[in-house]
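Trainee: Before I use terms such as buried, paired or salt bridge in my notes, I want to see what each one rests on. Could we go through them one by one?

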Amino acid sequence: MPSWTITSLIFIAALCVAWAACFLLYRLAQKVLSHRDEFWRKLLSRTRGPVQLAMMIMAVSFAANIAPLPLREGNLLRHAMLIAFIACVTWFVRIMLEIWMTLHLRRFRLDVEDNLLARKHVTQTRILERVAVVLIVAIGVSAALMTIDGVRQYGVSLLASAGAAGIVVGLALQPVLRNLLAGIQLALTQPIRIDDAVIVEGEWGNIEEISATYVVVRIWDKRRLIVPLNYFMEQPFQNWTRNDATLIGTVLIYLDYEVSVPELRAEAERIVRASPLWNRDVFALQVTDFRKNVVEVRILASATHAGKAFDLRCEIREKLLAYLQREQQAALPRRRETVLADQKLLATMEATQPGQSYARPGRS
């Protein structure tokens, strides 16, 4: 029988045995894991492809050792199977990580009013997941490179520092590594979380996505601001929901000195208490400044989050304006000017037209 026929039969037999062994192994695993938790059941269903491929790769490698192959071709085939096996292991670990992260995040809901704990865990989990995926791929690529003699040092360098393979590669990877480290630091310290209300570069918005290298901020007018991860570790920014989403809204109005502050306070309190946007926590009305022509009145009212605080402020302004126009028109800002009449001109006019009354100098 020719050698190529024997080689073909050996490889076909090895693949058939591997397929049958994988089939029996999964039948046995289904019986064993049928009563285990959801993680193992999902892992069993989603990893059948990489496990079956890995077993066939092992069978081909075993067949290459016993088949009558030339030495060079046999070494090349075994080396290719080793790289393919490393790829299967990387694939398997990636699926296992994704399943665990998905099941972990199911316990936390972002569509509820009090979602601070959920946002904390979702942010931490997603950042760590992206960093872990990058590390898994880097380790897999490094392990594959280390099996090749000509580029083994690159694999060791990539595994050790992801940049020591050369000056050019190191400089090119520096921003990536800095963002990866910033991502790990963000996950641990959490200065921002998913759905946090922030002010970045003078723009107000919510954290929509945190990737391995950048953050997407959803601006209030539906624009998207893309910010590098290391920005939040190196630049100051405002986080309105760091510990609590509750926010105190401020309304400033400027009125005439004739305003009745007690009546204005009573009306403002009535407006705030009747509003469903108020969280029944903070309310205050104070005269905070005297200006040249007006007084500054500040109203404070709290809400459960920034969106409701903004709407509450607008509601207070609209209803107070209607109240002032209706009940305290004298409190609306006015300009006062002092007009000094010439005394001689006034006396002359009174002498020439006796009986006519003229306004004396004073305020008008």
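Mentor: What follows takes each label in turn and sets it against its cut-off. Keep in mind that this is a predicted model.

Trainee: What does the protein chain contain overall?

Mentor: The protein chain has 11 helices and 10 strands. Of its 364 residues, 34% count as buried. Among contacts with a separation of 6 or more, 62% are between residues 24 or more positions apart.

Trainee: How do you know that helix H4 spans what its residue count predicts?

Mentor: Helix H4, residues 71–105, has 35 residues. The expected span is 1.5 Å times one less than the number of residues. For H4 that gives 51 Å, and the span from first C-alpha to last is 51 Å, so the two are close.

Trainee: And what makes residues of H4 count as buried?

Mentor: The cut-off is a relative accessible area under 20%. The buried residues of H4 include Gly 74, Met 81, Cys 88, Ile 95 and His 104.

Trainee: How does helix H10 compare with its own expected span?

Mentor: H10 has 22 residues and reaches 31 Å, close to the 32 Å expected. Its buried residues are Ala 306, Ala 309, Leu 312, Glu 315, Ile 316, Leu 320, Tyr 323 and Leu 324. What covers them includes strand S1 (197–200), S2, S6, H9 and S8.

Trainee: Why are S6 and S8 called paired strands?

Mentor: Two strands pair if there are at least two bridges between them. Nine bridges join S6 to strand S8 (residues 295–303), so the condition is met. The two run antiparallel, and Tyr 254 stands opposite Glu 296 in S8.

Trainee: Which sheet do they belong to, and what makes a strand an edge strand there?

Mentor: It is an open sheet of three strands in the order S6-S8-S7, with antiparallel pairing. Strand S6 (247–255) and strand S7 (283–290) are the edge strands, as each pairs on one side only. From one strand to the next, the twist averages 25 degrees.

Trainee: Which helices pack on that sheet?

Mentor: Helix H9 (residues 261–274) touches S6, S7 and S8, and its direction makes about 140 degrees with that of S7. Helix H10 (residues 306–327) touches S6 and S8, at about 25 degrees to the direction of S6.

Trainee: Why is the contact between Glu 208 and Arg 224 called a salt bridge?

Mentor: The requirement is a side-chain nitrogen of Lys or Arg within 4 Å of a carboxyl oxygen of Asp or Glu. Here the N to O distance is 2.8 Å, so the pair qualifies. Glu 208 lies in strand S2 (residues 203–210) and Arg 224 in strand S4 (residues 224–228), 16 residues apart.

Trainee: Are these two side chains buried or partly exposed?

Mentor: Partly exposed means between 20% and 50%. Glu 208 has 30% relative accessible area, so it is partly exposed. Arg 224, at 42%, is therefore partly exposed as well.

Trainee: What about the salt bridge of Arg 273 and Glu 269?

Mentor: The N to O distance there is 3.0 Å. Both residues lie in helix H9, four residues apart, about one turn of the helix. Arg 273 is partly exposed at 48%, and Glu 269 is partly exposed at 28%. Elsewhere, salt bridges that share partners join Asp 195, Glu 208, Arg 218 and Arg 224 into one network. A search of the whole structure finds 14 salt bridges.

Trainee: What makes S3 and S4 a pair?

Mentor: Five bridges join strand S3 (residues 214–219) to S4, and at least two are needed, so they pair. They run antiparallel, and Val 216 has Ile 226 in S4 as its bridge partner. Their hairpin has four residues between the strands, and in it Lys 222 takes a positive phi near 75 degrees.

Trainee: Which other salt bridge involves Asp 221?

Mentor: Asp 221 forms one with Arg 223, the closest N and O atoms being 2.8 Å apart. Arg 223 is partly exposed at 41%, and Asp 221 is partly exposed at 34%.

Trainee: How many disulfides does the structure hold?

Mentor: Zero. A disulfide needs two cysteine sulfur atoms within 2.5 Å. As for accessibility, Cys 16 is partly exposed at 48%, and Cys 314 is partly exposed at 23%.

Conventions
Residues numbered from 1 in each chain as written. Predicted model: local features only at pLDDT ≥ 70, side-chain atom pairs only at ≥ 80, totals over all residues. Heavy atoms only, no water. Buried < 20%, exposed > 50% of the residue type's maximum accessible area, 1.4 Å probe, protein only. Axes fitted to C-alpha atoms, helices over the stretch in contact; angles between N-to-C directions. Contact = heavy atoms within 4.5 Å.
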